Amino acid sequence: ETEILGKKALELSNIIVRSKGKINVIDVCCGSGNLGIAIAYNNPACNVYATDISQEAVELTRDNINLLNLNQRVQVKQGDLLSVFETDEFYGKTDLIICNPPYILSSKVQKMDSEIASNEPVLAFDGGMLGIKIIQKLISEAPKFLTNDGWLIFEVGAGQGNFITQLCERSQLYQQIESVAD
């Protein structure tokens with residue numbers, strides 16, 4: 001599923017770059033940085049700002065940025081969702097926000113396949129009681145960072161799509177709402 005999110009993010013970044021030149025991208029819940037780094041690597045007109053609540057994830061992202069020599073266009077900071085970007089530098093100036101958040105119900109995290117669960121921290125999976133805690137917060141906070149024609153894109157879990165679409169519609173914060181099924 002993350003590959004689908006990455007392809008859509010790269011596609012949107014290319015469309016936005018054609019109309020604007022350079023763009024700013026925020027990768028929230030970046031983990032190892034794969035989404036933001038892939039966009040920067042494949043689209044040299046993008047400046048990417050990544051964040052994760054986990055210091056370990058931030059360090060891994062930093063290693064990956066260095067490995068691909070993207071230090072001039074990709075920055076990473078530790079923080080909770082968009083909190084590290086709460087400045088005039090980012091308000092209304094972000095063209096694309098991408099996020100692969102934890103979206104598994106808390107009650108199901110312990111029941112996950114051990115091959116997956118044993119290789120990642122619980123923070124990477126646990127989306128709260130309904131699995132949408134982080135997504136709900138992101139939907140409400142993202143608009144103050146986005147340009148008028150900016151995009152928020154994120155991954156959701158199986159069975160969450162319709163409900164999340166309704167949340168976005170009810171928020172009345174977004175002009176266009178689309179979903180891409182895997």
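How many bridges join strand 4 to strand 5, and which way do the two strands run? Select both and take a look: five bridges join them, and they run parallel. One facing pair to click on is Ile 98 and Ile 153, the latter in strand 5. Keep in mind that this is a predicted model.

**The whole sheet**

Now zoom out and show the strands. Five of them form an open sheet, in the order 3-2-1-4-5, with parallel pairing. Strand 3 and strand 5 are the edges, each pairing on one side only. Look along the sheet and you'll see that neighbouring strands are turned by 20° against each other on average, ignoring direction.

**Helices on the sheet**

Next, select helix 3 (residues 55-67). Helix 3 packs on the sheet and touches strand 2 and strand 3, and its direction makes about 165° with that of strand 3. Then switch to helix 6 (133-141). Helix 6 lies across strand 1, strand 4 and strand 5, and runs at about 170° to strand 5.

**Over to strands 2 and 3**

Go to strand 2 (46-52) and strand 3 (74-78). Five bridges join this pair, and the two strands run parallel. Click on Thr 51 and you'll find Lys 77 of strand 3 standing opposite. Add helix 3 to your selection: strand 2, helix 3 and strand 3 together make a right-handed β-α-β unit.

**A stop at helix 2**

Select residues 34-42, which are helix 2. Colour Leu 35, Gly 36, Ile 37, Ile 39 and Ala 40, since these are buried here. What do the buried residues of helix 2 pack against? Their partners are helix 1 (2-20), strand 1 (23-28), strand 2, helix 3, strand 3 and strand 4.

**Two residues to finish**

Pick Thr 94, in strand 4 (residues 94-99). Is Thr 94 buried or exposed? Thr 94 counts as buried, because its relative accessible area is just 1%. Leaving aside neighbours within four places in sequence, the contacts of Thr 94 include Asn 24, Val 25, Ile 26 and Phe 145.

Follow that last contact to Phe 145, in the loop between helix 6 and strand 5. Phe 145 has 0% relative accessibility, so Phe 145 is buried too. Set aside the neighbours within four places in sequence again, and Phe 145 is in contact with residues including Leu 82, Phe 85, Tyr 91, Lys 93 and Ile 97. For a last click, try the C-alpha atoms of Phe 145 and Lys 93: they are separated by 6.1 Å, although the two residues are 52 apart along the chain.

Definitions and conventions:
Residues are numbered from 1 along each chain as its sequence is written. This is a predicted model: local features need pLDDT of at least 70, side-chain atom pairs count only at pLDDT 80 or more; totals for chains, interfaces and linings use all residues. Side-chain values use heavy atoms; hydrogens and water are left out. Helices (H or I, at least four residues) and strands (E, at least two) are DSSP runs, numbered from the N terminus. Buried means under 20% relative accessible area, exposed over 50%, partly exposed in between (1.4 Å probe, protein chains only). Contact means heavy atoms within 4.5 Å. Two strands pair if DSSP finds at least two bridges between them. A crossover is right-handed if, with the strands pointing away from the viewer, the path from the first strand over the helix to the second runs clockwise. Axes are lines fitted to C-alpha atoms, for helices over the stretch in contact, and angles run from 0 to 180 degrees between N-to-C directions.
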